[in-house]
Amino acid sequence: MKIIQIVGRSNSGKTTFIKRLIPALSAHGTVGVVKHLGHHGFALEPGKDTTIFYESHAAISGGVDDDKSVIVRRENDLDSTLEVLCNAGIDYAILEGFKSRLFPRIVIGDLESENVVLRNPSVDDVIAALPEFEDYYTVEGLVRELKREYGVSHAGAVLTFNGIVREWTGTERTEYLEFDETVDALTESLRREIEAVPGIIGARFHHRKGRLYAGEDITYVAILAEHREEAFAAAGRAIDRLKRELHDVEK
(Lines give C-alpha, C1' and ligand atoms only; values in the text may rest on other atoms or scores of the structure.)
Protein backbone atom coordinates (compact mmCIF):
# COMPACT_ATOMS: atom_id res chain seq x y z
CA MET A 1 0.00 0.00 0.00
CA LYS A 2 1.35 3.39 -1.01
CA ILE A 3 0.99 6.21 1.53
CA ILE A 4 0.39 9.67 0.05
CA GLN A 5 0.43 12.30 2.77
CA ILE A 6 -1.02 15.75 2.08
CA VAL A 7 -0.37 18.59 4.51
CA GLY A 8 -0.93 22.33 4.60
CA ARG A 9 -2.40 25.11 6.67
CA SER A 10 -6.12 25.28 7.43
CA ASN A 11 -8.19 26.34 4.40
CA SER A 12 -5.23 25.86 2.06
CA GLY A 13 -7.23 23.63 -0.30
CA LYS A 14 -6.15 20.16 0.90
CA THR A 15 -9.63 18.65 0.79
CA THR A 16 -10.38 20.14 -2.62
CA PHE A 17 -7.15 18.68 -4.00
CA ILE A 18 -7.82 15.26 -2.47
CA LYS A 19 -11.29 15.26 -4.03
CA ARG A 20 -9.63 15.62 -7.47
CA LEU A 21 -6.88 13.12 -6.67
CA ILE A 22 -9.13 10.23 -5.57
CA PRO A 23 -10.65 9.43 -9.01
CA ALA A 24 -7.25 9.70 -10.70
CA LEU A 25 -5.68 7.26 -8.23
CA SER A 26 -8.71 4.98 -8.48
CA ALA A 27 -7.77 4.32 -12.10
CA HIS A 28 -4.61 2.64 -10.76
CA GLY A 29 -6.02 0.81 -7.72
CA THR A 30 -8.25 1.05 -4.67
CA VAL A 31 -8.06 4.25 -2.60
CA GLY A 32 -8.56 4.93 1.10
CA VAL A 33 -8.49 8.32 2.83
CA VAL A 34 -7.76 9.12 6.48
CA LYS A 35 -8.22 12.66 7.81
CA HIS A 36 -6.64 13.99 10.98
CA LEU A 37 -9.58 15.45 12.90
CA GLY A 38 -7.43 17.14 15.52
CA HIS A 39 -9.36 18.50 18.48
CA HIS A 40 -12.65 18.71 16.58
CA GLY A 41 -13.56 15.07 17.12
CA PHE A 42 -16.26 13.17 15.28
CA ALA A 43 -19.76 13.31 16.70
CA LEU A 44 -21.68 10.03 16.74
CA GLU A 45 -25.40 10.48 16.25
CA PRO A 46 -27.05 10.33 19.68
CA GLY A 47 -29.49 7.53 20.37
CA LYS A 48 -28.56 5.38 17.37
CA ASP A 49 -27.86 1.71 18.05
CA THR A 50 -24.26 1.87 16.79
CA THR A 51 -23.64 4.83 19.10
CA ILE A 52 -25.21 3.00 22.03
CA PHE A 53 -23.03 -0.06 21.38
CA TYR A 54 -19.92 2.11 21.23
CA GLU A 55 -20.88 3.94 24.41
CA SER A 56 -21.33 0.52 26.03
CA HIS A 57 -17.59 0.01 25.42
CA ALA A 58 -17.73 -2.30 22.41
CA ALA A 59 -14.26 -2.44 20.85
CA ILE A 60 -15.90 -2.14 17.43
CA SER A 61 -19.45 -1.01 16.68
CA GLY A 62 -20.70 -1.31 13.13
CA GLY A 63 -23.73 -1.19 10.90
CA VAL A 64 -24.49 -2.30 7.34
CA ASP A 65 -27.19 -0.94 5.04
CA ASP A 66 -27.99 -1.48 1.35
CA ASP A 67 -25.23 0.86 0.15
CA LYS A 68 -22.42 0.90 2.70
CA SER A 69 -21.05 -0.19 6.03
CA VAL A 70 -19.97 2.00 8.95
CA ILE A 71 -17.52 0.97 11.66
CA VAL A 72 -16.48 2.86 14.78
CA ARG A 73 -13.30 1.58 16.43
CA ARG A 74 -11.86 2.46 19.81
CA GLU A 75 -8.28 2.57 18.50
CA ASN A 76 -7.38 6.19 17.79
CA ASP A 77 -3.83 5.81 16.47
CA LEU A 78 -2.87 6.20 12.83
CA ASP A 79 -0.86 2.97 12.66
CA SER A 80 -3.80 0.73 13.56
CA THR A 81 -5.92 2.50 10.92
CA LEU A 82 -3.24 2.04 8.26
CA GLU A 83 -3.10 -1.64 9.18
CA VAL A 84 -6.87 -1.94 8.67
CA LEU A 85 -6.64 -0.28 5.24
CA CYS A 86 -3.73 -2.42 4.10
CA ASN A 87 -5.38 -5.62 5.33
CA ALA A 88 -8.51 -4.62 3.40
CA GLY A 89 -6.52 -4.50 0.15
CA ILE A 90 -6.23 -0.73 -0.27
CA ASP A 91 -3.55 0.21 -2.82
CA TYR A 92 -3.27 3.95 -2.07
CA ALA A 93 -3.86 5.51 1.34
CA ILE A 94 -4.24 9.29 1.28
CA LEU A 95 -3.52 10.97 4.62
CA GLU A 96 -4.84 14.46 5.15
CA GLY A 97 -2.80 16.08 7.90
CA PHE A 98 -0.84 14.16 10.57
CA LYS A 99 2.00 16.66 10.10
CA SER A 100 4.04 15.14 12.95
CA ARG A 101 4.35 11.86 10.99
CA LEU A 102 7.14 12.43 8.48
CA PHE A 103 5.98 10.40 5.52
CA PRO A 104 7.11 11.64 2.10
CA ARG A 105 4.48 14.27 1.48
CA ILE A 106 2.68 16.77 -0.68
CA VAL A 107 2.41 20.33 0.66
CA ILE A 108 -0.52 22.50 -0.33
CA GLY A 109 0.21 26.19 0.22
CA ASP A 110 3.28 27.74 1.81
CA LEU A 111 3.67 25.55 4.91
CA GLU A 112 7.32 24.88 5.78
CA SER A 113 7.86 21.13 6.01
CA GLU A 114 10.29 18.23 5.74
CA ASN A 115 10.19 15.21 3.41
CA VAL A 116 8.45 17.22 0.69
CA VAL A 117 8.00 15.33 -2.58
CA LEU A 118 5.75 17.88 -4.27
CA ARG A 119 4.44 21.36 -3.46
CA ASN A 120 1.16 22.62 -4.94
CA PRO A 121 1.20 19.94 -7.65
CA SER A 122 -1.30 19.00 -10.29
CA VAL A 123 -2.98 15.60 -10.08
CA ASP A 124 -0.84 14.43 -13.01
CA ASP A 125 2.28 15.45 -11.08
CA VAL A 126 1.24 13.17 -8.22
CA ILE A 127 0.58 10.20 -10.50
CA ALA A 128 4.00 10.63 -12.10
CA ALA A 129 5.70 10.79 -8.68
CA LEU A 130 4.00 7.74 -7.11
CA PRO A 131 7.27 5.73 -6.78
CA GLU A 132 8.63 8.44 -4.47
CA PHE A 133 5.99 7.86 -1.79
CA GLU A 134 6.40 5.37 1.03
CA ASP A 135 5.16 1.79 0.85
CA TYR A 136 3.37 0.21 3.81
CA TYR A 137 3.12 -3.55 4.31
CA THR A 138 1.19 -6.08 6.35
CA VAL A 139 1.13 -9.85 5.95
CA GLU A 140 -2.53 -9.82 4.96
CA GLY A 141 -1.84 -7.03 2.48
CA LEU A 142 0.83 -9.18 0.82
CA VAL A 143 -1.59 -12.13 0.63
CA ARG A 144 -4.24 -9.97 -1.07
CA GLU A 145 -1.63 -8.68 -3.50
CA LEU A 146 -0.58 -12.22 -4.39
CA LYS A 147 -4.13 -13.43 -4.93
CA ARG A 148 -4.97 -10.39 -7.04
CA GLU A 149 -1.90 -10.77 -9.26
CA TYR A 150 -1.82 -14.56 -9.71
CA GLY A 151 -5.35 -15.72 -8.95
CA VAL A 152 -6.10 -18.85 -6.96
CA SER A 153 -7.35 -21.27 -9.61
CA HIS A 154 -4.29 -23.52 -9.16
CA ALA A 155 -3.55 -22.66 -5.54
CA GLY A 156 -4.02 -25.08 -2.67
CA ALA A 157 -2.27 -23.13 0.08
CA VAL A 158 -1.26 -19.69 1.28
CA LEU A 159 1.62 -19.69 3.75
CA THR A 160 2.55 -16.59 5.74
CA PHE A 161 5.41 -15.85 8.11
CA ASN A 162 5.81 -12.84 10.41
CA GLY A 163 9.23 -12.59 12.04
CA ILE A 164 9.74 -10.36 15.08
CA VAL A 165 12.83 -9.06 16.87
CA ARG A 166 13.42 -11.54 19.68
CA GLU A 167 14.48 -9.87 22.92
CA TRP A 168 16.01 -12.87 24.68
CA THR A 169 18.06 -15.69 23.15
CA GLY A 170 19.00 -17.75 26.15
CA THR A 171 20.72 -15.25 28.46
CA GLU A 172 21.65 -12.87 25.64
CA ARG A 173 19.43 -9.77 25.31
CA THR A 174 18.81 -7.89 22.05
CA GLU A 175 17.56 -4.34 22.50
CA TYR A 176 17.27 -3.57 18.80
CA LEU A 177 18.47 -4.44 15.32
CA GLU A 178 19.12 -1.93 12.53
CA PHE A 179 18.93 -2.36 8.77
CA ASP A 180 19.39 -0.06 5.78
CA GLU A 181 18.40 -0.17 2.11
CA THR A 182 20.96 -2.87 1.35
CA VAL A 183 18.50 -5.41 2.75
CA ASP A 184 16.29 -4.95 -0.33
CA ALA A 185 18.70 -6.76 -2.66
CA LEU A 186 18.74 -9.81 -0.39
CA THR A 187 14.97 -9.96 0.04
CA GLU A 188 14.48 -9.67 -3.73
CA SER A 189 16.93 -12.54 -4.20
CA LEU A 190 15.01 -14.58 -1.64
CA ARG A 191 11.71 -13.87 -3.38
CA ARG A 192 13.12 -15.08 -6.69
CA GLU A 193 14.53 -18.16 -4.96
CA ILE A 194 11.13 -19.00 -3.50
CA GLU A 195 9.34 -18.52 -6.83
CA ALA A 196 11.84 -20.81 -8.58
CA VAL A 197 10.66 -23.78 -6.51
CA PRO A 198 8.33 -26.06 -8.51
CA GLY A 199 4.77 -25.70 -7.26
CA ILE A 200 5.21 -22.12 -6.02
CA ILE A 201 2.81 -19.78 -7.81
CA GLY A 202 4.04 -16.50 -6.35
CA ALA A 203 5.77 -14.99 -3.33
CA ARG A 204 6.19 -11.70 -1.50
CA PHE A 205 9.09 -11.04 0.88
CA HIS A 206 9.34 -7.79 2.82
CA HIS A 207 11.96 -6.82 5.41
CA ARG A 208 11.53 -3.63 7.41
CA LYS A 209 14.34 -1.09 7.57
CA GLY A 210 15.61 1.32 10.19
CA ARG A 211 15.98 0.64 13.90
CA LEU A 212 13.66 -2.15 15.04
CA TYR A 213 13.27 -2.80 18.75
CA ALA A 214 12.58 -6.06 20.57
CA GLY A 215 9.02 -7.22 19.96
CA GLU A 216 8.58 -5.28 16.70
CA ASP A 217 7.81 -6.89 13.35
CA ILE A 218 10.88 -7.43 11.19
CA THR A 219 9.94 -9.71 8.28
CA TYR A 220 6.78 -10.50 6.32
CA VAL A 221 6.59 -13.45 3.92
CA ALA A 222 3.58 -14.61 1.91
CA ILE A 223 3.68 -17.60 -0.42
CA LEU A 224 0.98 -18.84 -2.80
CA ALA A 225 1.51 -22.50 -3.71
CA GLU A 226 -0.16 -25.45 -5.37
CA HIS A 227 0.42 -27.60 -2.29
CA ARG A 228 1.43 -26.90 1.31
CA GLU A 229 4.58 -29.05 1.13
CA GLU A 230 6.29 -26.79 -1.45
CA ALA A 231 5.33 -23.68 0.51
CA PHE A 232 6.73 -24.99 3.82
CA ALA A 233 9.97 -26.14 2.21
CA ALA A 234 10.55 -22.93 0.23
CA ALA A 235 9.78 -20.71 3.20
CA GLY A 236 12.07 -22.66 5.51
CA ARG A 237 15.03 -22.43 3.15
CA ALA A 238 14.52 -18.72 2.48
CA ILE A 239 14.16 -17.78 6.15
CA ASP A 240 17.22 -19.83 7.07
CA ARG A 241 19.21 -18.01 4.42
CA LEU A 242 17.93 -14.63 5.64
CA LYS A 243 19.00 -15.44 9.18
CA ARG A 244 22.40 -16.73 8.07
CA GLU A 245 23.27 -13.89 5.69
CA LEU A 246 21.70 -10.93 7.49
CA HIS A 247 20.42 -11.40 11.02
CA ASP A 248 23.32 -13.43 12.40
CA VAL A 249 25.76 -10.95 10.83
CA GLU A 250 23.83 -7.98 12.29
CA LYS A 251 24.06 -9.41 15.80
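Which elements cover the buried residues of α1? The views below, taken from a predicted model, begin with this helix.

**View 1. Helix α1 and its surroundings.** The cover over the buried residues of α1 includes the strands β1, β2 (31-35), β5 (92-96) and β6 (105-108), together with the helix α4 (123-128). Lys 14, Phe 17, Ile 18, Leu 21 and Leu 25 are buried in α1. An α-helix has 3.6 residues a turn, so residues three or four places apart point the same way. The length of α1 can also be checked: at 1.5 Å a residue, its 13 residues should span 18 Å, and this agrees with the 18 Å between its end C-alpha atoms.

**View 2. Ser 10 in the loop before α1.** Ser 10 lies in the loop between β1 (2-8) and α1 (14-26). Is this residue buried or exposed? Ser 10 counts as exposed because its relative accessibility is 66%, and exposed residues are those over 50%. Although Ser 10 and Gly 109 are 99 residues apart along the chain, their C-alpha atoms are separated by 9.6 Å.

**View 3. The open sheet β9-β15-β13.** Three strands form an open sheet in the order β9-β15-β13, and their pairing is antiparallel. The edge strands, each pairing on one side only, are β9 (157-164) and β13 (200-207). On average, neighbouring strands of this sheet are turned by 10° against each other, direction ignored. Strands of a sheet pair through backbone hydrogen bonds, either parallel or antiparallel.

**View 4. Strand β15 and its two partners.** Strand β15 (residues 217-225) is joined to β13 by 7 bridges, and the two run antiparallel. Among the residues paired here, Gly 202 has Leu 224 in β15 as its bridge partner, and Ala 203 has Ile 223. With β9, strand β15 pairs in the antiparallel sense over 8 bridges. Thr 160 stands opposite Ala 222 in β15. Because 8 of the 9 residues of β15 are buried, this strand is largely enclosed by the rest of the structure.

**View 5. Helices packed on the sheet.** This view returns to the antiparallel pair β13 and β15, joined by 7 bridges. Helix α5 (residues 139-150) packs on the sheet and touches β9, β13 and β15. The direction of α5 makes about 145° with that of β13. Helix α6 (residues 183-195) also packs on the sheet, touching β13 and β15. For α6, the angle between its direction and that of β13 is about 165°.

Terms used. Residues are numbered from 1 along each chain as its sequence is written. This is a predicted model: local features need pLDDT of at least 70, side-chain atom pairs count only at pLDDT 80 or more; totals for chains, interfaces and linings use all residues. Side-chain values use heavy atoms; hydrogens and water are left out. Helices (H or I, at least four residues) and strands (E, at least two) are DSSP runs, numbered from the N terminus. Buried means under 20% relative accessible area, exposed over 50%, partly exposed in between (1.4 Å probe, protein chains only). Two strands pair if DSSP finds at least two bridges between them. Axes are lines fitted to C-alpha atoms, for helices over the stretch in contact, and angles run from 0 to 180 degrees between N-to-C directions. Contact means heavy atoms within 4.5 Å. The expected span of a helix is 1.5 Å times one less than its number of residues.
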